Amino acid sequence: MAAPADCCYLGFDFSTQQLKVVAIDGNLQVTNQSNVQFDSDLPEFRTQGGVHIHEDRLTVTSPVHMWVKALDLILEKMKNAGFDFSNVKALSGSGQQHGSVYWRKGARQALQHLDPGRDLHSMLQGSFAVQDSPVWMDSSTTEQCQCLESAVGGAQQLADITGSRAYERFTGNQIAKIHQFQTDKYNETERISLVSSFAASLFLGDYAAIDYSDGSGMNLMDIFTKKWSQPCMNATVPQLAEKLKEPKPSTAVLGSVSPYFIERFGFPEDCKVVAFTGDNPGSLAGMRLQEGDIAVSLGTSDTVFLWIKEPRPTVEGHIFCNPVDCHSYMALICYKNGSLTRERIRNECAEGSWEGFSRALRSVPIGNNGNIGIYFDAMEITPPAVGVHRFDKHGRWVATFTREVEIRALVEGQFLAKRVHAQKLGYKIIPGTRVLATGGASSNKDILQVLSDVFNAPVYTIDVANSACLGGAYRAMHGLVAESGVSFAEAVRKAPGAQLAVTPTTGAEEIYGPLLKRYAELEEKVLKDTTG
Ligand code: 5FX
């Protein structure tokens, strides 16, 4: 597919702490980037890290008007910097997953009649029934989760339908809570969007469909039929489908940008809006993950993404519809104990130095002489267990390790966990498998070496500071040709590739094969101790 280099595609990411945008040209080179930080650029909303944590410490929300104002601001910034909107052929993007937006009756009218002389924020003042949108960090809906699981016969049954057991942050449970405790506001609502479809609605000047991939994070959609699951909908709120409308493929062109953007910013009349999706699915696209690859993001929380063909939903992790290929799926596993735990051990065992941490890693043989550690400083998500647990080569609990053994036990334990849980979700290492690493710790070669050895696969790194919005720009480009059968991989084949960082050490598989089994058994034991 040849695209003139002067055409342009935009990708937006409405993430937790900021709104970001990336522009790429027809050769898939990044030409512009910008961002708006919620806390510092929009201080009037008084957020911390883009959110408000309520008194119960469980309820976490973000002001919906902040997101609207951020869009006004980022587009103004681009315009003032001389960005030429007239070349934009298509745009797409992503949003933090699971968050929800409640459009008040009459909001559709407002969206359809935007005055190009005014900013969006002032015109949409009255358009939201709920001002504080629940976001993914919320964990206040345990009761609603229990109701949903029991209505469909249990956690595994719910996972078999929706790809995940009930999670507090998942949108269906959040909607059930709003319906229960803010009934008047719920009744004033004419449409419910995810953060992603809300963002698409702003560009479209009309309500945008929820896409299959982000729709999978709601505990409401049957990920196999790609329709709302009637038993889940009934157990959440009666007649909920009227407020959600049918989900659409993530590659769908939803329409052209609204006249507002044409007149105010100079977008061309035929600039298309491609369905927005969740930030994790957006990252999968931005990293150009392929079947068989695994992406490991080493950040505040560690996440693992997989491209899978034959999903096996379990009560751990999530299966989402794949955002770039409607015949595939993606698995996502989220670990709460990521870089904060690595930093703690670095401080305690290597005097705060990453160099010392690396030296210690190199000084102990791979496999750590059979010692295994599980370090859950905070209650882990996968599995829901807590505490620091050390085992010697006979599987006996031990109180301490030497500093070097502690460091290797932490890194090996974190990666063994990732491979064990990925395999439970159906991941298989096949010839040609690549591990794509990203996030802060991916700049440390010694950590990457352990990752490569545990997965017995080469590790590639990619600059994914903007992977979700880069994915939005790629998806915008692909959306224009997806209907005619062009695959995503084909559409973005000219994009810059990932760099090979390390390859597995000879003999690693013989060592980590048995350790994986032992790790899984020990983790099971720790989980039993946590849950009683
Ligand atoms: C995934 O399930 C999550 O809850 C988070 O990664 C959010 O998408 C972050 F925005």
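Hi everyone, let's begin with a small sheet: strands β4, β5 and β8 lie in that order, forming an open sheet with antiparallel pairing. The strands at the edges are β4, residues 52–53, and β8, residues 132–134; each has a single partner strand, so one side of each is left without a neighbour in the sheet. Before going on, please keep in mind that this is a predicted model.

Let's look at how β4 meets β5. Strand β5 covers residues 60–63, and two bridges join β4 to it in the antiparallel sense. If you want one pair to find on your screen, take H52, whose bridge partner in β5 is T61. Now, what lies across β5 and β8? That is helix α2, residues 64–80, and it runs at about 40° to β5.

Next comes another set of strands, with β18 as our guide. Is strand β18, residues 329–335, enclosed or open? Seven of its seven residues are buried, so β18 is largely enclosed by the rest of the structure. In a regular strand, side chains alternate between the two faces of the sheet. For β18, both faces are covered: Y329, A331, I333 and Y335 are buried on one side, and M330, L332 and C334 are buried on the other.

Which strands pair with β18? One of them is β16, residues 302–308, which is joined to β18 by seven bridges and runs antiparallel to it. Within that pairing, T303 has C334 of β18 as its bridge partner. Strand β17, residues 318–321, also pairs with β18 in the antiparallel sense, over four bridges. There, C321 stands opposite Y329 of β18.

One residue of β18 takes us to the ligand. L332, buried in that strand, is among the residues around the ligand, together with T16, Q96, Q97, H98, W136, R169, D279 and N280. Three side chains there are worth zooming in on. An N or O atom in the side chain of H98 is 2.7 Å from an oxygen atom of the ligand. For the side chain of R169, the distance from such an atom to a ligand oxygen is 2.8 Å, and for the side chain of N280 it is 3.0 Å.

D279 and N280 are around the ligand, and helix α14 spans residues 279–286, with S283 found in it. Is S283 buried or exposed? Its relative accessibility is 10%, under the 20% cut-off, so S283 counts as buried. Setting aside residues up to four places away in sequence, S283 touches F305, S467 and A468.

Let's finish with two more helices. Helix α17 runs over residues 403–424, and at 1.5 Å a residue its 22 residues should span 32 Å; the end C-alpha atoms are 31 Å apart, which agrees. Helix α17 is mostly covered, with 18 of its 22 residues buried. Just after α17 you'll find G426, which takes a positive phi of about 105°.

The other helix is α21, residues 508–531, and our stop there is E509. At 28% relative accessibility, E509 counts as partly exposed. Leaving aside neighbours within four places in sequence, which residues is E509 in contact with? They are R419, N456 and P514. As for A360, it is 149 residues from E509 along the chain, and the C-alpha atoms of the two are separated by 22 Å.

That's the tour. Thanks for listening!

Notes
Residues are numbered from 1 along each chain as its sequence is written. This is a predicted model: local features need pLDDT of at least 70, side-chain atom pairs count only at pLDDT 80 or more; totals for chains, interfaces and linings use all residues. Side-chain values use heavy atoms; hydrogens and water are left out. The expected span of a helix is 1.5 Å times one less than its number of residues. Buried means under 20% relative accessible area, exposed over 50%, partly exposed in between (1.4 Å probe, protein chains only). Contact means heavy atoms within 4.5 Å. Two strands pair if DSSP finds at least two bridges between them. Axes are lines fitted to C-alpha atoms, for helices over the stretch in contact, and angles run from 0 to 180 degrees between N-to-C directions. A residue is near a molecule or strand if one of its heavy atoms lies within 4 Å of it. A polar contact is a pair of N or O atoms within 3.5 Å; within protein, one must be able to donate a hydrogen and the other to accept it, and residues adjacent in sequence count only if both atoms are side-chain atoms.
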